[in-house]
Amino acid sequence: MKRLFTFMIMIAVVQTNVFGQSVAEPRRWHFGAMLGPQFSWLVPKVSYGDQTGGIMAALDVSYAFQNSAKGWSLHLQPGINRFKSRQVYGKEGTDYYMKWNWKSMNINLPLLVRYTILEGKIRPFAEIGASYWVRNYWKVKGTGQTCLNGQCSPNDFDDKGNSEAEKGKFSGLGGVGVEFDLGKVTVPVTVRWIEQLKKVERFREPTIGLDYTIPRSRGLMVSVGVTF
């Protein structure tokens with residue numbers, strides 16, 4: 001009976017020790033998802049470069065460098081960015097009228113370093129990093145008409161494709177936010193600024209001799225996520 005009692009005590013101690021470690025031991029790896037609206041501009045501003053709206057959706061894989069919520073963490077956030085815009089040139093019923101509808105989808109791989117300031121259930125943070133642009137799918141559709149010497153002809157255009165341009169693939173980004181602990185999950189709310197790192201390029205069109213500027217883009221993104 002003594003041996004059985006001693007064996008039961010030993011099992012209880014081992015179970016208590018294991019249970020205590022599993023509860024108290026901090027997790028350094030976290031996984032989550034994020035979703036939110038985004039707004040993009042062209043720099044420098046051009047006539048066709050009005051603000052464009054869209055939406056982003058991404059995963060979040062993070063690793064904390066310390067055994068607490070406060071401090072440094074590394075975040076990889078592969079995701080999709082979608083934009084849609086509409087542009088109108090001229091007036092309907094005149095000699096020249098054109099309406100364009102643009103849609104695009106980018107696949108991006110952002111990598112960020114984040115510093116979380118506090119350790120409580122509400123924790124502000126700041127982040128900085130870079131994003132690599134993988135692929136861009138685009139679709140453009142145009143409708144309208146052009147009139148010359150009293151004769152009008154329709155202008156219809158419909159095209160789509162994939163672009164893997166070598167220039168402008170990298171963007172810098174920085175942001176601030178707050179994360180909230182809600183039960184077993186954490187909800188981060190982030191405001192982020194993104195800007196292409198390529199230089200502004202200018203070239204001259206040889207046929208008509210006009211100078212053009214290839215703008216770079218910058219954007220503002222707001223996201224809400226959930227992390228486990």
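Start at the largest cavity of this predicted model by selecting strand 12 (216-227), which gives the largest share of the cavity's lining, five residues. Strand 1 (29-43) and strand 9 each supply at least two residues of that lining as well. To display the whole wall, select Ala33, Met34, Asp60, Gln77, Arg114, Pro188, Thr190, Ser223, Val224, Gly225, Val226 and Thr227. The space they enclose comes to about 60 Å³, and the count of cavities of 30 Å³ or more is one.

Now zoom out to the whole chain and colour it by secondary structure. The protein chain has one helix and 12 strands, and reading along the sequence gives the pattern α-β-β-β-β-β-β-β-β-β-β-β-β. Of the 228 residues in the protein chain, 30% are buried. Among the contacts in the chain with a separation of 6 or more, 62% are between residues 24 or more positions apart.

Next, follow the strand pairings, beginning with strand 1. Strand 1 runs antiparallel to strand 2, with 12 bridges joining them, and a useful place to look along this pairing is Pro37, which stands opposite Ile55 in strand 2. Strand 2 (52-64) also pairs with strand 4 (residues 79-90), again antiparallel, through six bridges; here, select Gly53 and find Lys84 of strand 4 opposite. The pairing of strand 2 with strand 3 is antiparallel too and extends over four bridges, with His75 in strand 3 as the bridge partner of Ser62. To see how the chain passes from strand 2 to strand 3, display the six residues through which a hairpin joins them.

Move on to strand 8 (residues 170-182), which is joined to strand 6 (residues 122-148) by 11 bridges in an antiparallel arrangement. Selecting Glu127 and Gly175 shows one bridge pair, with Gly175 lying in strand 8. Strand 8 is also joined to strand 9 (residues 185-196), antiparallel, by 12 bridges. At the hairpin of strand 8 and strand 9, which has two residues between the strands, select Gly183 and note its positive phi near 70°.

Stay with strand 9 and select Arg192, which lies in that strand. Is Arg192 buried or exposed? Arg192 counts as buried because its relative accessibility is 4%, and the cut-off for buried is under 20% relative accessible area. Its side chain makes a polar contact with the side chain of Glu127, at 2.9 Å, so that the view brings back the residue whose bridge partner in strand 8 is Gly175. Leaving aside residues up to four places away in sequence, Arg192 touches Met34, Gln77, Leu112, Glu127, Leu173, Gly174, Gly175, Gly219, Leu220 and Met221; of these, Met34 and Gln77 are also named in the lining of the largest cavity.

From Arg192, step to Leu173, one of the residues that Arg192 touches. Leu173 stands opposite Ile194 in strand 9, and both belong to the largest nonpolar core, whose seven residues are Met34, Met56, Ala58, Leu112, Leu173, Ile194 and Met221. Display these seven as sticks, then add the residues that Leu173 touches, not counting those up to four places away in sequence: Pro110, Leu112, Ile128, Gly129, Ala130, Ser131, Arg192, Trp193 and Ile194.

For a contrast, turn to Arg135, which lies in strand 6. Arg135 is partly exposed because its relative accessible area is 32%, between the limits of 20% for buried and 50% for exposed. Select Ile80 together with Arg135 and draw the C-alpha to C-alpha distance: the two are 9.9 Å apart in space, while 55 residues separate them in sequence.

Finish at the second largest pocket, which holds about 680 Å³ of space. Which residues lie nearest its centre? Of the 31 residues that line this pocket, Arg27, His30, Ala69, Arg123 and Thr186 lie nearest the centre. To trace the wall by element, show helix 1 (2-24), strand 2, strand 3 (71-76), strand 5 (96-116), strand 8 and strand 9, each of which supplies at least two residues of the lining.

Conventions: Residues are numbered from 1 along each chain as its sequence is written. This is a predicted model: local features need pLDDT of at least 70, side-chain atom pairs count only at pLDDT 80 or more; totals for chains, interfaces and linings use all residues. Side-chain values use heavy atoms; hydrogens and water are left out. Two strands pair if DSSP finds at least two bridges between them. A nonpolar core is a set of buried Ala, Val, Leu, Ile, Met, Phe, Trp, Tyr and Cys residues joined through side-chain atoms within 4.5 Å. Buried means under 20% relative accessible area, exposed over 50%, partly exposed in between (1.4 Å probe, protein chains only). Contact means heavy atoms within 4.5 Å. A polar contact is a pair of N or O atoms within 3.5 Å; within protein, one must be able to donate a hydrogen and the other to accept it, and residues adjacent in sequence count only if both atoms are side-chain atoms. On a 1 Å grid over the protein atoms alone, a cavity is a set of points where a 1.4 Å probe fits but cannot get out, and a pocket is an open set with protein on both sides within 12 Å along at least five of seven lines; lining residues have an atom within 4 Å of a point. Grid points are joined across faces, edges and corners, and a volume is the space filled by probe spheres set on the points.
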